[in-house]
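Here is a note for a colleague who is meeting this structure for the first time. Please read the points with the structure open beside them.

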2 protein chains.
Amino acid sequence: MSDDDTTIPARRRFLVQGAAAAVGAVAGSARAEEATPPGTPEWMKAPGADVGSQTYGTPSRFEAGLIRNVPKGLKQYTSASSRSPLQDLDGILTPNGLFYERHHGGIPDIDPARHRLLIHGLVERPLVLTMEDIRRFPSESHIYFLECSGNPGFEAIKGKTASDLVGLVSCAEWTGVRLATVLREAGVKPEAKWVVAEGADAAALTRSIPIEKCLDDALLVYSQNGERLRPQQGYPLRVLLPGFEGNMNVKWLRRLAVSAEPAYSREETSKYTDLMPDGTARQFTFVMEAKSIITRPSGTQRIAAGFHEITGIAWTGRGRIRGVQVTTDGGRTWQDAALQEPVLNRALTRFRLPWTWDGSPTTIASRAIDETGYVQPAFEDLTAVRGLKSFYHNNAVVPWRIAADGEVANGYA
Amino acid sequence: MSDDDTTIPARRRFLVQGAAAAVGAVAGSARAEEATPPGTPEWMKAPGADVGSQTYGTPSRFEAGLIRNVPKGLKQYTSASSRSPLQDLDGILTPNGLFYERHHGGIPDIDPARHRLLIHGLVERPLVLTMEDIRRFPSESHIYFLECSGNPGFEAIKGKTASDLVGLVSCAEWTGVRLATVLREAGVKPEAKWVVAEGADAAALTRSIPIEKCLDDALLVYSQNGERLRPQQGYPLRVLLPGFEGNMNVKWLRRLAVSAEPAYSREETSKYTDLMPDGTARQFTFVMEAKSIITRPSGTQRIAAGFHEITGIAWTGRGRIRGVQVTTDGGRTWQDAALQEPVLNRALTRFRLPWTWDGSPTTIASRAIDETGYVQPAFEDLTAVRGLKSFYHNNAVVPWRIAADGEVANGYA
């Protein structure tokens, strides 16, 4: 009936039969507690809440704990981050209310009617654009991931949950105008090599973007997952550079200075550079390399012996995910996971592998392979090259250790 | 760099140049008001709000008006609907907070730990499943639209906005388990022809689903756009029947009775049947046929002469949208709109056409063509067959009249 449905191959069908018993067993435990089919619950005995009783919907009160993961005990929260609760999310999209955050000067409260975008520098015609101007350009929508380059730092792999470890990644459908279209209006001069983007936050966050990216797939974005950007995501306007490290996707965008040189701003000198073992620093490491993590089962969850679907997310700043391999025996063997279609360019890709746990302690992990053939490295392989002084661009495999009692824990800790 | 980018064909590039002047003109008016580039706005002069200062994010206070469209002056709001604000949405996804609602007994407040799904009737092994049981089955995620069959009724085409007219359609990424997988656990008997689904709301909403659909692409869904279903969308569990009319996608699902006959419930006899001109009624009209609407420019918006991107959404319960045609001269000529990739099975499809309005009164409209070759009908063609006594399954073309002053209004009214 539908030609993109995930078909269940013969091997998988067999394992689904394996699942049947496990599910039956759990259902059995529900029945034990409640020997007859459930009676009429109280929520069927009186009318429920009115339609539109909320001005803007929220999740159920029973999901009140499903919020972003804010580190506790920081000295301040204006230059800080919060992580998506990856272990409790399904599919590839992150709802706007749970999208990860990273701010450098807090979240500004911008009146879109008064917001302006200035385009100047090496252009024929400097422009000052209103939001209304920007919305009149031809638009595009794309589903792209966004990831902080410090997700996690090299020493920050001590977290307990999938969110603690790599929750600074999320994915959404973005709508806006090609940056190239707007730059064409201004007329970029031949000597232009960079575009310096500045945010209208208190940090005036500033990053330099190579002109090639600006004239390729870069977007000026005003909507996320259908609605206007949230304040946390740059309302009313941000840059979106598919596959590039998060903080280059400048939020609350107010200025694009076209120039021959990069700005060498704070965020591309003292921060967001990678200190190598020999004391030199890698600079302008834009692209987020291939990465993946198992989100279920994952840290702090507890599983019983029997059937489980291992599932997680994979992504690459270089294009599409070609495959994800999963080990359930601590890295001795790897199996190909199924990828949920459609596998989109620079979007999260959901992977799944049916698995029956025999109850003995083991370690599970995933590794992503992208369309260039690049394979997500083990932590040891990554640090052999990059050392341990780096903070950004740790895309190593994340192992989960499963104890005999079914408790799942960070395999690094 | 990315192979699925929307390329701008030569013709469109020309029109973008046409846009330049218009954008320049509007930017000029911004400059007239503010002769120099804007100074430092107050939101840059002090740190903004803390990260995680909200437990669950909300849109900007400047978007407080962007909420669901609830009809005013109803006698009660427990059996009622609210519409998505289509004219203010971009892309193809609807955020959960703005997803359309239709309830028949209000919104129940269900404790997922106490919720059960009973599967009985013509099965080998009746099952009572907890939510934990259901989440242990192999999962799938798909982006599908959902539409109320009364969107709009045949007499309800008097609305002003795109939301008033066809706001009972939305689109999301749904995650759950194939209904076929769960039915296989229970063991469907050969004489089974229908599955009767019952909700745990005060209306105990009941619909009969053909067994063929249940064994095909039907899902039991627990997540929407990454997070758990909202209460308005059936938390903690609903049926999802890709392409079938909205109310069959039973929310708050508590019971599946496998049977040889349909239930002939209230919602498939007195309601959700289509009264024909000869006095007979069409029953079990499951599939939502191809449809589209221009969302910008649309009713109550006001446009200026010059460049505009005409954009809207198209969908079909029969599979993929093959094309969308747009008229800007009241139906005399039709042009092919560009479709935003990826065009997904039974999902909303965003279409766009660049257009320069010369300032003279006209009527614009879109018509969808699906992969079966079916063409969305004009209202006169639809009613010639179906008469005016029907209420459901009006998928006629929606025309927008543009007056000399740029005011856009419902072309039917």
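The points below go from the pair of chains to chain A by itself.

1. This is a predicted model, in which local features need pLDDT of at least 70 and side-chain atom pairs count only at pLDDT 80 or more, while totals for chains, interfaces and linings use all residues. Residues are numbered from 1 along each chain as its sequence is written, chains are lettered from A in the order in which they are written, and side-chain values use heavy atoms, without hydrogens and water.

2. Chain A is superposed on chain B by a rotation of 180° with 0.0 Å of shift along the axis, at an RMSD of 0.0 Å, where the fit is by least squares on C-alpha atoms of residues with pLDDT of at least 70 in both copies. The two copies are thus related as by a two-fold rotation axis. The residue of chain A that comes closest to this axis is A:Pro95, whose C-alpha lies at 3.6 Å.

3. The copies meet through the same surface, because 100% of the interface residues of chain A are also interface residues in chain B.

4. The secondary structure of chain A comes to six helices and 23 strands, counted as DSSP runs (H or I of at least four residues for helices, E of at least two for strands).

5. Along its principal axes, the C-alpha trace of chain A spans about 75 × 60 × 50 Å. Of the 413 residues in chain A, 64% are buried, meaning under 20% relative accessible area with a 1.4 Å probe, protein chains only.

6. Among contacts (heavy atoms within 4.5 Å) in chain A between residues at least 6 apart in sequence, 71% join residues at least 24 apart.

Definitions and conventions. Buried means under 20% relative accessible area, exposed over 50%, partly exposed in between (1.4 Å probe, protein chains only).
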